[in-house]
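Trainee: Hi, have you got a few minutes to go through a structure with me?
Mentor: Sure, put it up and ask away.

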Amino acid sequence: MSAQVVPVVDKDQREFLAELARKKSDDLNDVLLTTAAITDKVRCDGDSAVAEFTLKFDKVKLSPENFRVSAKEVEKAAASVPSELADALRAAYVRITDYHRKQISNSWFSTGDDGEILGQRITPVANAAIYAPGGKAAYPSSVLMGVAAARTAGVERIVLLTPVGREGTL
(Lines give C-alpha, C1' and ligand atoms only; values in the text may rest on other atoms or scores of the structure.)
Protein backbone atom coordinates (compact mmCIF):
# COMPACT_ATOMS: atom_id res chain seq x y z
CA MET A 1 0.00 0.00 0.00
CA SER A 2 1.49 3.37 -1.01
CA ALA A 3 1.25 6.52 1.06
CA GLN A 4 -1.21 9.12 -0.10
CA VAL A 5 0.03 12.70 -0.39
CA VAL A 6 -2.50 15.18 0.90
CA PRO A 7 -1.79 18.79 -0.10
CA VAL A 8 -1.69 21.21 2.81
CA VAL A 9 -2.54 24.17 0.59
CA ASP A 10 -4.38 24.48 -2.71
CA LYS A 11 -1.54 26.45 -4.31
CA ASP A 12 1.59 25.52 -6.17
CA GLN A 13 4.40 24.95 -3.66
CA ARG A 14 6.67 27.66 -5.16
CA GLU A 15 3.83 30.16 -5.21
CA PHE A 16 2.96 29.34 -1.60
CA LEU A 17 6.58 29.76 -0.41
CA ALA A 18 6.99 33.04 -2.32
CA GLU A 19 3.78 34.39 -0.77
CA LEU A 20 4.93 33.29 2.67
CA ALA A 21 8.31 35.03 2.19
CA ARG A 22 6.57 38.25 1.10
CA LYS A 23 4.27 38.15 4.12
CA LYS A 24 7.19 37.57 6.49
CA SER A 25 9.05 40.50 4.94
CA ASP A 26 6.00 42.77 5.24
CA ASP A 27 5.47 41.70 8.86
CA LEU A 28 9.13 42.35 9.67
CA ASN A 29 8.99 45.80 8.08
CA ASP A 30 5.97 46.66 10.23
CA VAL A 31 7.77 45.47 13.35
CA LEU A 32 10.91 47.44 12.49
CA LEU A 33 8.93 50.64 11.88
CA THR A 34 6.99 50.24 15.12
CA THR A 35 10.06 49.50 17.24
CA ALA A 36 11.98 52.38 15.67
CA ALA A 37 9.15 54.76 16.62
CA ILE A 38 9.10 53.42 20.19
CA THR A 39 12.88 53.69 20.49
CA ASP A 40 12.87 57.25 19.16
CA LYS A 41 10.16 58.31 21.60
CA VAL A 42 12.00 56.76 24.56
CA ARG A 43 15.26 58.35 23.40
CA CYS A 44 13.56 61.76 23.28
CA ASP A 45 11.18 61.58 26.27
CA GLY A 46 13.00 59.10 28.54
CA ASP A 47 11.17 57.57 31.49
CA SER A 48 7.90 59.36 30.76
CA ALA A 49 7.77 57.54 27.40
CA VAL A 50 8.48 54.23 29.13
CA ALA A 51 5.59 54.92 31.53
CA GLU A 52 3.36 55.78 28.56
CA PHE A 53 4.24 52.52 26.75
CA THR A 54 3.82 50.49 29.94
CA LEU A 55 0.27 51.82 30.18
CA LYS A 56 -0.38 51.24 26.48
CA PHE A 57 1.05 47.71 26.18
CA ASP A 58 0.91 46.29 29.72
CA LYS A 59 -2.23 48.16 30.87
CA VAL A 60 -0.40 49.17 34.05
CA LYS A 61 -0.01 52.75 35.21
CA LEU A 62 3.46 53.34 36.63
CA SER A 63 5.43 56.46 37.28
CA PRO A 64 9.20 56.55 36.76
CA GLU A 65 9.67 56.53 40.54
CA ASN A 66 8.22 52.98 40.53
CA PHE A 67 10.57 51.59 37.87
CA ARG A 68 13.35 50.59 40.23
CA VAL A 69 12.81 47.76 42.68
CA SER A 70 13.98 48.70 46.15
CA ALA A 71 16.56 46.70 48.09
CA LYS A 72 13.82 45.91 50.62
CA GLU A 73 11.62 44.40 47.88
CA VAL A 74 14.55 42.33 46.60
CA GLU A 75 15.31 41.04 50.11
CA LYS A 76 11.64 40.17 50.67
CA ALA A 77 11.48 38.29 47.36
CA ALA A 78 14.73 36.44 48.08
CA ALA A 79 13.43 35.40 51.50
CA SER A 80 10.32 33.92 49.90
CA VAL A 81 12.31 31.49 47.72
CA PRO A 82 12.25 27.96 49.20
CA SER A 83 15.73 26.98 50.42
CA GLU A 84 15.88 23.91 48.16
CA LEU A 85 15.22 26.08 45.09
CA ALA A 86 17.71 28.74 46.26
CA ASP A 87 20.37 26.03 46.66
CA ALA A 88 19.64 24.72 43.16
CA LEU A 89 19.87 28.23 41.69
CA ARG A 90 23.20 28.86 43.46
CA ALA A 91 24.57 25.53 42.16
CA ALA A 92 23.42 26.40 38.64
CA TYR A 93 25.07 29.82 38.90
CA VAL A 94 28.40 28.23 39.88
CA ARG A 95 28.22 25.80 36.94
CA ILE A 96 27.32 28.55 34.47
CA THR A 97 30.13 30.76 35.78
CA ASP A 98 32.62 27.88 35.47
CA TYR A 99 31.49 27.41 31.86
CA HIS A 100 31.97 31.08 31.00
CA ARG A 101 35.41 31.22 32.63
CA LYS A 102 36.55 28.75 29.96
CA GLN A 103 35.49 31.24 27.28
CA ILE A 104 37.58 34.12 28.57
CA SER A 105 40.16 35.29 26.07
CA ASN A 106 43.18 37.33 26.98
CA SER A 107 44.54 40.32 25.15
CA TRP A 108 47.71 39.57 23.21
CA PHE A 109 50.05 41.42 20.92
CA SER A 110 53.01 40.46 18.79
CA THR A 111 55.13 41.95 16.06
CA GLY A 112 55.03 40.54 12.56
CA ASP A 113 58.00 39.98 10.25
CA ASP A 114 57.61 43.44 8.72
CA GLY A 115 57.32 45.20 12.09
CA GLU A 116 53.53 45.38 12.06
CA ILE A 117 51.76 45.00 15.37
CA LEU A 118 49.31 42.10 15.52
CA GLY A 119 46.94 41.06 18.26
CA GLN A 120 43.68 41.59 20.01
CA ARG A 121 42.58 43.66 22.96
CA ILE A 122 39.84 42.24 25.14
CA THR A 123 37.85 44.94 26.95
CA PRO A 124 34.60 44.18 28.76
CA VAL A 125 31.74 46.57 28.31
CA ALA A 126 31.06 48.82 31.29
CA ASN A 127 27.31 48.13 31.43
CA ALA A 128 25.02 45.26 30.51
CA ALA A 129 21.25 44.93 30.50
CA ILE A 130 19.79 41.50 31.21
CA TYR A 131 16.16 40.81 30.29
CA ALA A 132 14.21 38.57 32.66
CA PRO A 133 11.10 37.23 30.93
CA GLY A 134 7.95 37.60 32.97
CA GLY A 135 4.47 36.16 33.10
CA LYS A 136 4.15 32.55 31.96
CA ALA A 137 7.69 32.66 30.56
CA ALA A 138 9.45 33.55 33.82
CA TYR A 139 12.68 31.58 33.53
CA PRO A 140 15.31 32.13 36.25
CA SER A 141 17.77 30.41 33.89
CA SER A 142 17.67 33.46 31.59
CA VAL A 143 18.78 35.66 34.48
CA LEU A 144 21.43 33.19 35.67
CA MET A 145 22.97 32.83 32.21
CA GLY A 146 22.97 36.55 31.48
CA VAL A 147 24.30 37.69 34.85
CA ALA A 148 26.91 34.92 35.12
CA ALA A 149 28.26 35.72 31.65
CA ALA A 150 28.38 39.47 32.35
CA ARG A 151 30.06 39.11 35.74
CA THR A 152 32.58 36.61 34.41
CA ALA A 153 33.42 39.00 31.57
CA GLY A 154 34.10 41.77 34.09
CA VAL A 155 31.08 43.96 33.42
CA GLU A 156 30.91 46.55 36.20
CA ARG A 157 27.23 47.51 36.11
CA ILE A 158 24.47 45.01 35.38
CA VAL A 159 20.85 46.14 35.09
CA LEU A 160 18.05 43.58 35.22
CA LEU A 161 14.88 44.39 33.29
CA THR A 162 11.55 42.59 33.48
CA PRO A 163 7.97 43.37 32.51
CA VAL A 164 5.62 44.56 35.17
CA GLY A 165 2.77 42.36 36.38
CA ARG A 166 -0.88 43.37 36.01
CA GLU A 167 -0.98 44.76 39.56
CA GLY A 168 2.11 46.88 38.97
CA THR A 169 4.37 44.44 40.81
CA LEU A 170 6.97 41.88 39.78
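**Salt bridges, rings and pockets**

Mentor: Let's start with Asp45, which is partly exposed, with a relative accessible area of 38%. Keep in mind as we go that this is a predicted model.

Trainee: Okay! Which side chain does Asp45 meet in a salt bridge?
Mentor: That would be Lys41, at 2.8 Å from N to O. Lys41 is partly exposed too, with a relative accessible area of 28%.

Trainee: And how many residues apart are Lys41 and Asp45 in helix H1?
Mentor: They are four residues apart, so about one helical turn separates them.

Trainee: How many salt bridges turn up in the whole structure?
Mentor: The search finds five. Another one joins the side chains of Asp40 and Arg43, at 3.3 Å from N to O. Those two also lie in helix H1, three residues apart, which is about one turn of the helix.

Trainee: Is Arg43 buried or exposed?
Mentor: Arg43 counts as exposed, because its relative accessibility is 61% and the cut-off for exposed is over 50%. Asp40, at 42%, is partly exposed.

Trainee: What about helix H4, which residues form a salt bridge there?
Mentor: Asp87 and Arg90 do, with 3.0 Å from N to O. Both lie in helix H4, three residues apart. Asp87 counts as partly exposed at 45% relative accessibility, whereas Arg90 is exposed at 53%.

Trainee: Which residues do shared salt-bridge partners join into one network?
Mentor: Lys41, Asp45 and Glu52.

Trainee: Switching to rings: how many aromatic pairs are there?
Mentor: The count comes to one aromatic pair. The rings of Phe53 and Phe57 have their centres 5.9 Å apart and their planes at 15 degrees, so the pair is stacked. Both residues lie in helix H2, four residues apart, or about one turn of the helix.

Trainee: Phe53, buried or exposed?
Mentor: Phe53 counts as buried, with 12% relative accessibility. Its partner Phe57 is partly exposed, at 46%.

Trainee: Now pockets. What volume does the largest pocket have?
Mentor: About 2700 Å³. It is lined by 50 residues, and the closest to its centre are Val69, Leu160, Leu161, Thr162 and Leu170.

Trainee: Which elements give two or more residues to that lining?
Mentor: Helices H1, H2, H3, H4 and H5, along with strand S4. By type, the lining of the largest pocket divides into 32 nonpolar, nine polar and nine charged residues.

Trainee: And the second largest pocket, what is its volume?
Mentor: About 210 Å³. Of its 13 lining residues, Ile104, Ser105, Ile122, Thr152 and Ala153 are the closest to the centre. H5 gives the most to this lining, with three residues. The residues here divide into six nonpolar, seven polar and no charged.

Trainee: Where does Thr97 sit?
Mentor: Thr97 is in helix H4, and it counts as buried at 8% relative accessibility. Leaving aside neighbours within four places in sequence, Thr97 is in contact with Ala148 and Thr152.

Trainee: Last one: where is Val164?
Mentor: Val164 is in the segment after strand S4. Val164 is buried, because its relative accessible area is 19% and buried means under 20%. Beyond its neighbours within four places in sequence, its contacts are Thr54, Asp58, Val60, Leu62 and Thr169. Val164 and Arg68 are 96 residues apart in sequence and 11 Å apart in space, C-alpha to C-alpha.

Notes
Residues numbered from 1 in each chain as written. Predicted model: local features only at pLDDT ≥ 70, side-chain atom pairs only at ≥ 80, totals over all residues. Heavy atoms only, no water. Buried < 20%, exposed > 50% of the residue type's maximum accessible area, 1.4 Å probe, protein only. Contact = heavy atoms within 4.5 Å. 1 Å grid on protein atoms, 1.4 Å probe; cavity = no way out; pocket = protein on both sides within 12 Å on 5 of 7 lines; lining within 4 Å. Points joined across faces, edges and corners; volume = space filled by probe spheres on them. Nonpolar A, V, L, I, M, F, W, Y, C, P; charged D, E, K, R; others polar. Phe/Tyr/Trp six-rings, centres within 6.5 Å; stacked < 30°, edge-to-face > 60°. Salt bridge = Lys/Arg side-chain N within 4 Å of Asp/Glu carboxyl O.
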